[in-house]
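Here are my notes on this model, as numbered points. They take up a helix pair and then the ligand site.

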Amino acid sequence: AEAADSLDALEAAVRGYTECPLRQGAQNTVVFDGVKSARVLVIGEAPGRDEDLAGKPFVGRSGQLLDRMFAEIGLSRTKNLLITNVIYWRPPGNRNPDPAELAHCLPFVERTLALMQPQAVFLIGGVAASALLPAKDGVLKMRGRAFTLETRGLTKPVNAMVMLHPAYLLRRPQDKRLAWADLIAAETWLKSLGV
Ligand code: URA
């Protein structure tokens, strides 16, 4: 990860990394989708079945909801967003990744942040939030709040906001109103950051 001097080189490094045990059960390595020169980075959890087949993050049902959510605040992977995950290979049966699996992937995620130096980061769901933030509250407490991320290689702390995961919202549509409130907060927050 450290040797990669561009996001393209980093993507190739992830594809060439064979030590993560999740890799054996996966069809594809899922790294980035979107605009590599974007100022805003979205970090989700792990590929699911659709992403594993397509080789791209957030392309299944929850990805479609994610796209609709961000479209509400003028953000899209075709224009101004880069999308990635804290895990690059599908965990069997979509179980949560374990700490060792996260540890395999984390240096690449940190290098993504270091190379991109984004103006704002959205952490999607509790797994991504707890992998990157020191705060250990549950996602329902952290959602819609601004944090700063300080990972290795960042020239300055990065502004981050935690969002509810669209897969959770598909299971609990009654909580979509929370996500809506968070998006409105996110829009103001992005403006305050000059994004
Ligand atoms: N859920 C995630 O967190 N990431 C994906 O890429 C797809 C579903």
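1. In this predicted model, helix α1 (residues 7-15) packs with helix α4 (residues 99-116) at an angle of about 175°, and their axes are 10 Å apart. Angles over 145 degrees count as roughly antiparallel, so α1 is roughly antiparallel to α4.

2. On the α1 side, the contact is made by Leu7, Leu10, Ala13 and Val14. Helix α4 contributes Phe108, Arg111, Thr112 and Leu115. Sorted by class, this contact of α1 with α4 has six nonpolar residues, one polar and one charged.

3. Which residues surround the ligand? They are Gly44, Glu45, Ala46, Glu51, Pro57, Phe58, Ser62, Asn85 and His165.

4. Polar atoms of Ala46, Phe58 and His165 should be listed with their distances to the ligand. For Ala46, a backbone N or O atom lies 3.1 Å from a ligand nitrogen atom. A polar backbone atom of Phe58 is 2.8 Å from an oxygen atom of the ligand. With His165 the polar atom belongs to the side chain, and lies 2.7 Å from a ligand oxygen atom.

5. On its own, the ligand has 240 Å² of accessible area, and the protein covers 93% of this.

Terms used:
Residues are numbered from 1 along each chain as its sequence is written. This is a predicted model: local features need pLDDT of at least 70, side-chain atom pairs count only at pLDDT 80 or more; totals for chains, interfaces and linings use all residues. Side-chain values use heavy atoms; hydrogens and water are left out. Axes are lines fitted to C-alpha atoms, for helices over the stretch in contact, and angles run from 0 to 180 degrees between N-to-C directions. Helices (H or I, at least four residues) and strands (E, at least two) are DSSP runs, numbered from the N terminus. Angles under 35 degrees count as roughly parallel, over 145 as roughly antiparallel, 65 to 115 as roughly perpendicular and the rest as oblique. Contact means heavy atoms within 4.5 Å. Ala, Val, Leu, Ile, Met, Phe, Trp, Tyr, Cys and Pro count as nonpolar, Asp, Glu, Lys and Arg as charged, and the others, Gly among them, as polar. A residue is near a molecule or strand if one of its heavy atoms lies within 4 Å of it. A polar contact is a pair of N or O atoms within 3.5 Å; within protein, one must be able to donate a hydrogen and the other to accept it, and residues adjacent in sequence count only if both atoms are side-chain atoms. Accessible areas come from the Shrake-Rupley method with a 1.4 Å probe; for residues, only the protein chains shown count as cover.
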